[in-house]
Amino acid sequence: MVGAGQLARMTAQAAVGLGIGFRVLAAAADESAAQVCAGTQTGDYRSLDDLLAFGGRCDVVTFDHEHVPEPHLRALEQDKRAMRARLAELGVACPRSDRAACLDDVTGFADGSGWPVVLKAVSGGYDGKGVWVCGGPEEAAEMLARLHGIDLMVEEHVAFERELAVLVARSPSGQAAVYPVVQTIQQDGICREVLAPAPGLAPATAAAAQRLGLALAAGVGVTGMLAVELFETPGGLLVNELAMRPHNSGHWTIEGARTSQFEQHLRAVLDLPLGSPAAAARHTVMVNILGGDDPRLHSRLAHVMAADPGVKVHLYGKQVRPGRKVGHVTAVGDDIGELRDRAARAASYLSSGTEQAQPQG
Ligand SMILES: Nc1ncnc2c1ncn2[C@@H]1O[C@H](COP(=O)(O)OP(=O)(O)O)[C@@H](O)[C@H]1O
Ligand SMILES: [Mg+2]
């Protein structure tokens, strides 16, 4: 796997259980997956030499992020504008968007869509870094000046009812498996909570999202996991973006599904028969642990384990920085309100040493 973040770390864990040799190309030896993988190679994913040297020692290569330069990996869509163009070709409904090279592009677009609009970095963004909501022409002018040199696109600000995600695994021989549709809750562009399955989702909408996921996986020719991020709107589903790898919206599958997304990704890229994506519990709630001001995460772990033995804690071994994803907690059971409360309390205590139940939306 190229990249050694938490996605690679959790994939390594699945590889152990399947008896599959697994190595990572890490930028540094202390990265999340590099800490736990024998056969870690350190190198630069932007260097073709490093990629070739790494790939030469592997039978199959897959990725934990989409930042590898396009010329090296022509098949990889890592450009949000190119991704939207491809989605349009496939006839998929997306937020309206356009290029944003100058202020006239943005104000001209807003003449049609209305304000606010969303400015997005075409590549390199994650966790909302690279997404800016812009209320009017003055703010647009300021932002464009501040973001000078970054390749941007502009899109309509969608007043969605909520955000959903659908995960699909697809193997080279064409077998596919689709997971239950989940609800994702973002704050400041960063995923905070995932509810599986999405509570109260109309069966017809769930089926439409799953069909869309399967059609996209086949249409784009995905190998491995595909995550489709969706906006649920009164007019139907809009596709926000695609990620062709295990995804934060699928961490719940470790405890909450028969086959975790990490194991499924390995099965798919190796063209092994896929595992069942069925839910293993009535409800699963996943809450991300964000870094807080006090980096001593492990000193707070015992308290959380004692306070709620039923909550599963995953820590990524990453340096704690405020707002950075450093782990997640998962709770499975029958009462979604109770699960949300427990998962939120555990995550909040781990990040800050205080227990806060998140607002129950
Ligand atoms: N057009 C939009 N309208 C409203 N909210 C948006 C729009 N685009 C993005 N967002 C919000 O910002 C979050 C992050 O944007 P996204 O395009 O998914 O970038 P990232 O690569 O950081 O995940 C989304 O999950 C959503 O909450
Ligand atoms: Mg996103």
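Asp-188 is exposed in this predicted model. Its relative accessible area is 77%, and the cut-off for exposed is over 50%. Asp-188 sits in the loop between strand E9 (182-187) and E10. Its phi is positive, about 50°, although Asp-188 is not a glycine.

Asp-127 also has a positive phi of about 50° without being a glycine. Asp-127 belongs to the loop between E4 and strand E5 (131-134). Is Asp-127 buried, partly exposed or exposed? Asp-127 counts as partly exposed, because its relative accessibility is 22% and the buried class ends under 20%.

**Cis peptide bonds**

The backbone has cis peptide bonds before Pro-116 and before Pro-197.

| Cis bond | Omega | Place of the proline |
|---|---|---|
| Trp-115 to Pro-116 | near -5° | loop between helix H4 (103-113) and E4 |
| Ala-196 to Pro-197 | near -10° | loop between strand E10 (190-196) and helix H6 (203-220) |

**Around ligand 1**

Which residues come nearest to ligand 1? Of the 20 residues around it, they are Lys-80, Lys-120, Gly-128, Glu-155 and Glu-163. Glu-155 places a polar side-chain atom 2.7 Å from a nitrogen atom of ligand 1. For Glu-163, a polar side-chain atom lies 2.6 Å from an oxygen atom of the ligand. Glu-241 has a polar side-chain atom 2.9 Å from an oxygen atom of ligand 1. On its own, ligand 1 has 540 Å² of accessible area, and the protein covers 90% of that. Strands E4 (117-121), E6 (152-156), E11 (224-233) and E12 (236-243) each give two or more residues to the shell. By class, the shell holds 8 charged, 6 polar and 6 nonpolar residues.

**A buried asparagine**

Asn-288 is part of strand E13 (residues 283-290). Asn-288 is buried, because its relative accessible area is 2%, under the 20% cut-off. Its side chain makes a polar contact with the side chain of Asn-248, at 2.8 Å. Leaving out residues up to four places away in sequence, Asn-288 also touches others, including Cys-191, Arg-192, Lys-325 and His-328.

**Cysteines**

A disulfide is a covalent bond between the sulfur atoms of two cysteines. How many disulfides does a search of the whole structure find? The search finds 0. Why does Cys-134 have no bond to Cys-102? Cys-102 holds the closest cysteine sulfur, but that sulfur is 13 Å away, so it is too far for a bond. The cut-off is within 2.5 Å. Cys-134 is buried, with a relative accessible area of 0%. Cys-94 is buried too, at 18%.

Conventions: Residues numbered from 1 in each chain as written. Chains lettered and ligands numbered in written order. Predicted model: local features only at pLDDT ≥ 70, side-chain atom pairs only at ≥ 80, totals over all residues. Heavy atoms only, no water. Near = heavy atom within 4 Å. Polar contact = N/O pair within 3.5 Å; in protein donor to acceptor, adjacent residues only side chain to side chain. Areas by Shrake-Rupley, 256 points an atom, 1.4 Å probe, with all protein chains shown as cover. Helix = DSSP H or I, 4+ residues; strand = E, 2+ residues; numbered from the N terminus. Nonpolar A, V, L, I, M, F, W, Y, C, P; charged D, E, K, R; others polar. Buried < 20%, exposed > 50% of the residue type's maximum accessible area, 1.4 Å probe, protein only. Contact = heavy atoms within 4.5 Å.
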